[in-house]
Amino acid sequence: MAFSSRLMSRSKQLYGSQAILNQQHAFPVRYYAKEAAPAGLKGDEMLKDIFRDIKQKFETAIGVLRKEKITIDPENPAAVSHYAKVMKTIREKAGLFSESQRIQFTIEEETQDIPDARTFFLKLQEIRTKRGLSDELGVEAMTMDALEKVEKEIKQPLMRNDKKGMALLMAEFDKVNKKLGVRREDLPKYEEELELKIAKAQLEELKKDAVEAMETQRKREEFKNEKEVDVRSLDIRNFL
């Protein structure tokens, strides 16, 4: 029996639970628990309702993955683009957040009770760091410079409910965006670029997991004479 076939049968649990639905695109309960628990449900009923919702989303995702051929080749732009489209289809059919929506959700949850602009932006920095997002353009420093300028002008800390002060800050941000060449109408394009970066990172993780699994199997006596398998030839649908 070919090495790839034997690997397939013996590594199904690894690919099914760790690689295909890894932490990068798993379904955290907190992202849709509010939707999954209608008003009036308490205790066991709420947990059962959330569990059913998670189960339905999981089955929807698996259903999509069983129909799509995914090539584990993070260096191939076409493979990355196709993988990103598959993940988008899963999110749309299962009602899941995109990465941008997850970030927005996190920001809203963790900043809703922050009254002043400075603490708000410091929290944004903290969220960015925790999510492993880079600030290659130095936007945070420009943001704080803009805030410093506005607070110096109004001669007090800027509060988020200060409409006039916030308008001044937004005007400063427009200057920063212009300097960076960022336009509001291009935001969908930036989100798409982010999703492609995430898709590539996930394929790299899948490739790493697949290679590690194959190397582990090849150390076993029964696999020593088997031909090495190109990760790109693996069909994920066979592992689900």
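Here are a few notes on this structure, which is a predicted model.

1. Let's start with the overall fold. The protein chain has 10 helices and 0 strands, and going along the sequence you just read α-α-α-α-α-α-α-α-α-α.

2. Next, packing and surface. Of the chain's 240 residues, 35% count as buried. For contacts with a separation of 6 or more, 67% come from residues 24 or more positions apart. The accessible surface of the chain is about 15,300 Å², and carbon and sulfur atoms make up 52% of that.

3. Now the annotation. An unreviewed UniProt entry puts a "coiled-coil region" at residues 189-226. In the model, that span is 79% helix and 0% strand, with 45 Å between its end C-alpha atoms.

4. One residue I'd look at is aspartate 116. You'll find aspartate 116 in the loop that runs between α6 (99-111) and α7 (117-130). Leaving aside residues up to four places away in sequence, aspartate 116 touches Leu158, Met159 and Arg160.

5. What about charge pairing? Aspartate 116 is buried but has no salt bridge. Arginine 118 carries the nearest side chain of opposite charge, and that is 6.0 Å away, whereas a salt bridge would need the atoms within 4 Å.

6. So which atom does the side chain of aspartate 116 reach at 3.4 Å? The partner is the backbone nitrogen of arginine 118. In other words, arginine 118 offers aspartate 116 a backbone contact, while no salt bridge is made by this buried aspartate 116.

Technical notes: Residues numbered from 1 in each chain as written. Predicted model: local features only at pLDDT ≥ 70, side-chain atom pairs only at ≥ 80, totals over all residues. Heavy atoms only, no water. UniProt positions renumbered as here; feature names shortened; annotations may be inferred. Helix = DSSP H or I, 4+ residues; strand = E, 2+ residues; numbered from the N terminus. Buried < 20%, exposed > 50% of the residue type's maximum accessible area, 1.4 Å probe, protein only. Contact = heavy atoms within 4.5 Å. Areas by Shrake-Rupley, 256 points an atom, 1.4 Å probe, with all protein chains shown as cover. Lys, Arg positive; Asp, Glu negative; His and termini not counted. Polar contact = N/O pair within 3.5 Å; in protein donor to acceptor, adjacent residues only side chain to side chain.
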